[in-house]
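Please look through the sequence and the model shown below before reading on. The report that follows takes up the sheet, then the helices, and then a few single residues.

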Amino acid sequence: MAIGLAKRLDTEIISADSRQCYRELDIGVARPSPEELAAVPHHFIASHSIHQKVTASTFEAYALDKLSQIFRHKDVAVMVGGTGLYIKAFCEGLDEIPEVPEHIHNEVKEQYRQHGLEWLQREVAGADAGFYEVGEKQNPQRLMRALEVARATGRSILEFRKGGKAKRDFRITKYALELPKEELHRNIHTRVDQMMERGLPEEVRSLLSCQHLNALQTVGYRELFDYFNGDVSLDAAVEEIKKNTRHYAKRQMTWFRKDKEYRWMHPSDALEAVLKEPS
């Protein structure tokens, strides 16, 4: 959809995917193929290393800079991707949350790895009850962020939310693509099987020495690390990837549904529908 749109509009794509930006990751993050990347100029694809700290703030600065370059010779740009927080940062700006010391960040991450989601939920409920009441209780990244801010500052992460949106000097139009749940799940299962056939286990094996890095705490890699570490069978790891991808897709839908500016479309109709809209 994004490539077709960018080609018709003669412009460039900024990816808003928090994992496709890592050059060491390919199959497991479904990075666009060389042919797709050659069809339209792309940005934030294989642009960083897993050894770099990449955050929503990193993306906001990167995307705004790339957009200003694109706007020197184009009137429009296309942003595509499913990392809701990155898109929100780009559109609205970010809250100015204090930097968390690395040792606290690593401590929270390791404790979550050892004790799991229920432990994390209890910790956040105790350390930041206000956030726990309104936050995404099934999203470990958001919960870990709230917990590490509470431990680092002694304050709720809610206290650092500025409430207002940044003023951008360009117009933003938002579209979201939706499939029936059965078709979506079927596509997820097919894609995971194709990733395995393309060599995802070999890709993950090559990253075993880096499995502690934050960039690799993601679906498709965590489950196969468990396999290579002898914790589960390969079949069980593949089933976990499928299950966790379904759960992630559900969280994405919940996130984007909260933003009423999105116009929802079926993928088969979307390209022509967008192009027919007044510029």
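Two strands are said to pair if DSSP finds at least two bridges between them. With that in mind, in this predicted model, strand S1 (residues 13–15) and S2 pair in the parallel sense over 2 bridges.

**The sheet and the helix across it**

S1 and S2 belong to an open sheet of 3 strands, whose order is S2-S1-S3 and whose pairing is parallel. Strand S2 (42–43) and strand S3 (78–80) are the edge strands, each of them pairing on one side only. Between S1 and S2, Ile14 stands opposite His43. Helix H1 (residues 2–9) lies across S1, S2 and S3, and its direction makes an angle of about 175 degrees with that of S3.

The loop that joins H1 to S1 contains Thr11, a residue that is buried, with a relative accessible area of 5%. A polar atom of the Thr11 side chain lies 2.4 Å from the backbone oxygen of Val76. Residues up to four places away in sequence being set aside, Thr11 touches Ala6, Val40, Pro41, Ile70, Lys74, Val76, Ala77 and Val78, so the list includes Val76, the residue that supplies the backbone oxygen.**Helices H5 and H7**

How far apart are the end C-alpha atoms of helix H5 (residues 102–127)? They are only 19 Å apart, although H5 has 26 residues and a straight helix would reach 38 Å at 1.5 Å a residue. H5 has a kink of about 125 degrees, and the kink is centred on Gly116. The buried residues of H5 are Ile104, Val108, Lys109, Trp119, Leu120, Gln121 and Val124, and what covers them includes helix H6 (129–134) and helix H7 (140–153).

H7 gives another picture. At 1.5 Å a residue its 14 residues should span 20 Å, and the end C-alpha atoms are 20 Å apart, which agrees with that expectation. In H7 the buried residues are Pro140, Leu143, Met144, Ala146, Leu147, Glu148, Val149 and Ala150, and their cover includes H5 and H6. At the start of H7, the backbone nitrogen of Gln141 has a side-chain oxygen of Asn139 within 3.1 Å, while just after H7, Gly154 takes a positive phi of about 75 degrees.

**Ile157 and Leu200**

Ile157 lies in the loop between H7 and strand S4 (175–177). Is Ile157 buried or exposed? It counts as buried because its relative accessibility is 7%, and buried means under 20%. Apart from neighbours within four places in sequence, Ile157 is in contact with Ile97, Asp128, Phe131, Arg145, Ala146 and Val149; among the buried residues of H7 are Ala146 and Val149. Ile157 and Gln114 are separated by 43 residues in sequence and by 24 Å in space, C-alpha to C-alpha.

Leu200 is found in helix H9 (residues 200–205), and at 1% relative accessibility it counts as buried. With neighbours within four places in sequence left aside, Leu200 is in contact with Ile27, Gly28, Met195, Gly220, Leu224 and Ile241. Leu200 and Leu25 are 175 residues apart along the chain, and their C-alpha atoms are separated by 9.9 Å.

**Two positive phi values after S2**

Most residues other than glycine have a negative phi. Phe44 has a positive phi, near 70 degrees, and is a residue other than glycine; Ala46, which is not a glycine either, has a positive phi of about 50 degrees. Phe44 is placed in the loop between S2 and helix H3 (56–70), and Ala46 lies in the loop between S2 and H3 as well. As to exposure, Phe44 is buried, with a relative accessible area of 0%, whereas Ala46 is partly exposed, with a relative accessible area of 27%.

The relative accessible areas of the single residues discussed here are set side by side below.

| Residue | Relative accessible area | Class |
|---|---|---|
| Thr11 | 5% | buried |
| Phe44 | 0% | buried |
| Ala46 | 27% | partly exposed |
| Ile157 | 7% | buried |
| Leu200 | 1% | buried |

How values were computed. Residues are numbered from 1 along each chain as its sequence is written. This is a predicted model: local features need pLDDT of at least 70, side-chain atom pairs count only at pLDDT 80 or more; totals for chains, interfaces and linings use all residues. Side-chain values use heavy atoms; hydrogens and water are left out. Helices (H or I, at least four residues) and strands (E, at least two) are DSSP runs, numbered from the N terminus. The expected span of a helix is 1.5 Å times one less than its number of residues. The bend at a residue is the angle between axes fitted to the seven residues ending there and the seven starting there. Buried means under 20% relative accessible area, exposed over 50%, partly exposed in between (1.4 Å probe, protein chains only). Contact means heavy atoms within 4.5 Å. Axes are lines fitted to C-alpha atoms, for helices over the stretch in contact, and angles run from 0 to 180 degrees between N-to-C directions. A polar contact is a pair of N or O atoms within 3.5 Å; within protein, one must be able to donate a hydrogen and the other to accept it, and residues adjacent in sequence count only if both atoms are side-chain atoms.
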